[in-house]
Amino acid sequence: MKGLLYLTIGTFFGIVMYKSEAASWFRIYEMFNFQSIHMYGLMGSALGVGVLVVQYLKRKSVRDINNQPIVIVNKDKGISWYAIGGVIFGLGWALAGACPGPMFVLAGAGYLPILIVILGAMLGTWFYGLLKDKLPH
Amino acid sequence: MEWITAPWPWFVSGPLIALTMFTLLYVGKNFGMSSNLRTLCTICGADKTSDFFRFDWKSQRWNLIVMLGAILGGFLASHFLSDNQIPELNSKTIEMLHDSGFQSAGTAYVPSELFGDQAFTSPKTIIILLIGGLLVGFGARYAGGCTSGHSISGLSNLQLPSLIATIGFFIGGLLMVHLIFPLIF
């Protein structure tokens, strides 16, 4: 039953990613050339609504479906290296034209070469796990 | 029905992305797609190679189901909710892409030069896609999250690490498009 709920949320997310063109390599390229408001408006409006509602939920201590407090897990404070990881991620985002959500959306849409990107992303995650203790954090 | 099959404007889609995050929060979960890559590694046996992958992956089953939903959503959106959707790019962007060898710009959802079936027989394309994925996977874990976990969820919660990571995402993207693309395309 819960599984069906998660499947529905994911399906909705996948449809939005495709229809909004956040899953289009072209849109990512256009964004990094500052030639359209599209992606900035997309992320900006998601964020605008996101900030307002999350702050409201926190102020009113709204509880979730299980009557637990709604919490967004704080990211660790090891700040400086987040930037390095971020830059590496950004390089890949622009090259493959897809981040981890849209990758799977494109697989569903039938663009099979995206499977190479997904394989690469799994390998990248694995390399991180192997090197984690040797990397500065 | 035409408003469904037409491309969705950003001011509709953006709030719908936020709605995805709220729905997950409401059912007691956090929005973050790249965690699934770690879970997939564990399922493939990476837990035998590093502590990083030794966790109870079943606790992440819900997120894998969200991921399956995203695949299904991509299928439904492209096959039933679109009439051959092609992004209406800036004409300058299309011109630049044509000059760099992307003849499909303006006629396809994603470049057929990278995502057409001939990709599997072009070593250059395979390497580009594989390296793109590698950087995304490695970077997402090093940064502690991706566009969903940091740029949407973390920033909505006004977290400084998420702001730093998001600035990093953009610096990386700008470096790739402006410094590296001229060398490879």
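This passage describes the fold of chain B and its association with chain A in a predicted model. Local features require pLDDT of at least 70 and side-chain atom pairs count only at pLDDT 80 or more, whereas totals for chains, interfaces and linings use all residues. Residues are numbered from 1 along each chain as its sequence is written, and chains are lettered from A and ligands numbered from 1 in the order in which they are written.

Chain B contains 9 helices and 0 strands (DSSP runs numbered from the N terminus: helices are H or I of at least four residues, strands E of at least two). The C-alpha trace of chain B spans about 50 × 45 × 35 Å along its principal axes. Of its 185 residues, 49% are buried, that is, 20 or more other C-beta atoms, placed from the backbone, lie within 10 Å of the residue's own.

At the interface, 100 residues of chain A are in contact with 110 residues of chain B (C-beta atoms, placed from the backbone, within 7 Å). Helices of chain A that each supply at least two residues to this side include α1 (2-19), α3 (38-59) and α4 (80-96).

Within the interface, α4(A) packs against α7 (residues 123-143) of chain B at an angle of about 155 degrees, with the axes 7 Å apart; axes are lines fitted to C-alpha atoms over the stretch in contact, and angles run from 0 to 180 degrees between N-to-C directions. The helices α4(A) and α7(B) are therefore roughly antiparallel, a term applied to angles over 145 degrees.

Note on methods:
Two residues are in contact if their C-beta atoms, placed from the backbone, lie within 7 Å. A residue is buried if 20 or more other C-beta atoms lie within 10 Å of its own, exposed if 12 or fewer, and partly exposed in between; C-beta atoms are placed from the backbone. Angles under 35 degrees count as roughly parallel, over 145 as roughly antiparallel, 65 to 115 as roughly perpendicular and the rest as oblique.
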